[in-house]
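User: Hi! I would like to learn how to read the empty spaces inside a protein. Could you walk me through an example?

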Amino acid sequence: MFKNINTYYNYVMELDLKITKSLTSSYERAKLVSLFVTLASLLYHTTICIVFYFINVKQMFFYNFISISVFLFILFLVPRIKSYILPYMLAFAEVLVHQILADYFLGSYSSFHSFILLLGLLPFIIFENKKRYALPVTILSSLIYIYFSCRNIEAHADVSSGIIFAIRCINISITVFIIIFVILIYTRIVYKIEYYLQRHNETLENEIKMAAVIQQNFFKQEVENIKKYEVAYFSRPMVGVSGDLYDFYKNGEKLDGLGIFDVSGHGISSGLVTMLVKNIIHQEFYKQQELELWEIVNNINDRVIEEKGDIQNYLTGILIRLYENKFELVDAGHPAPILYKKKTGECSFVELSKKSVGVIGIADFPVFYESIFYDFEDGDELILYSDGVIDIKNDKDEYFGKERLLDAVKVNIEKSAAEQVGFIANNIYSFCASREQTDDITIIVLKK
């Protein structure tokens, strides 16, 4: 049947995987346990029926035909119904009647009540989507088990003590065996699920690493050869893929503008959206250069809404267009950048337009963008950042905040753009110390 051992091994692994996947469903687990317990009960009642015949307890012999009929009916029901509460309650009623009769004929010592204990343990497994019924049934089963365990009834049938002892051992052994079987099933399921999740996580981590490499290469830009400006940036994602987007709009060695955007959420979905909107923003920035920047952002918003479809992510951002001695800025719900003026030595947050309303990428959401203009002369600097910079916390649950960011900028304002970015990043991570980063972090320094 199998050409070689590898074919057989692959077949077994595929079969094992199919079984594991099926058992990850609570319904399938309940079905398996119900079938096993029903078959075990059917086999047991058939055997005990024969035993009662040979020990000449005719009443129990005939009653076991009813028991066998009940469990045959349950066996017929199990594969065909969506809920196992009805089969369970039928089995529960049969076991109670069986207990009462067995106690009367064989005495309490025979330990038929161990099956009531078993019934008290199974509801949380068998009532797959009806857990609210499980606790009352378990409590009822436990109380009945305690009641029967506390009784001491002598056997009314003429049966030797050796046979009663043997029946007691069989009853206890079957109960323990079924409990162990159920535990083994669930141990196996937990092990396989953990193994499956571990493999899945390893695959996902590799995919995230690959996505991160692709994204970094996609965003990477040469900024050393730009005329009239010195540019440096730092970006570190919270996870492998970043939801922060930064871009520089160049024409040869001429820098026409730049932008920083922050996509909502984290992880792969946000990272994919950044790659989508990067192209949209770049295309719209150069598409109709005679338009004011606020009109371009309007067009960007329309295209992002249309092209991302049902994806829920939106983005905040700042888009900047550079002129000879000034820059034009449009804000879309993003933190205000820092502007340093060389002549006056003033270093402060840019006062954004109070008329601007809205972010980018939310359908049917009213937006209003406005262009604001600032002088930008030799020696002036513009520092842009994502909200992950100011929202990062330390071990004392304190935010890094705008004031600490402004102080970090002022200390090194005369140094090169690369040195400034490095100092600000080090300052941030020294502040948060051992506390994990909870958002993507991006910093851009533009020095004229």
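Analyst: Here is a short tour of a cavity, a pocket and a helix. The model is predicted, so local features need pLDDT of at least 70 and side-chain atom pairs count only at pLDDT 80 or more, while totals for chains, interfaces and linings use all residues. Residues are numbered from 1 along each chain as its sequence is written, and side-chain values use heavy atoms, with hydrogens and water left out.

User: How many cavities of 30 Å³ or more are there?

Analyst: Rolling a probe the size of a water molecule over the atoms shows where empty space is left. On a 1 Å grid over the protein atoms alone, a cavity is a set of points where a 1.4 Å probe fits but cannot get out. Here the count is 1 cavity of 30 Å³ or more, and the largest cavity holds about 330 Å³.

User: Which residues line the largest cavity?

Analyst: Lining residues have an atom within 4 Å of a point. There are 26 of them, with V37, S41, F71, A91 and L119 nearest the centre. By class, 19 are nonpolar, 6 polar and 1 charged.

User: Which residues of helix α12 are buried?

Analyst: Buried means under 20% relative accessible area (1.4 Å probe, protein chains only). In α12 (residues 401-411), the buried residues are G401, L405, L406, A408 and V409. An α-helix has 3.6 residues a turn, so residues three or four places apart point the same way.

User: What covers the buried residues of α12?

Analyst: The cover includes β6 (338-340), β7 (347-349), β9 (381-385), α11 (387-391) and α13 (417-432).

Notes: 1 Å grid on protein atoms, 1.4 Å probe; cavity = no way out; pocket = protein on both sides within 12 Å on 5 of 7 lines; lining within 4 Å. Points joined across faces, edges and corners; volume = space filled by probe spheres on them. Nonpolar A, V, L, I, M, F, W, Y, C, P; charged D, E, K, R; others polar. Buried < 20%, exposed > 50% of the residue type's maximum accessible area, 1.4 Å probe, protein only. Helix = DSSP H or I, 4+ residues; strand = E, 2+ residues; numbered from the N terminus. Contact = heavy atoms within 4.5 Å.
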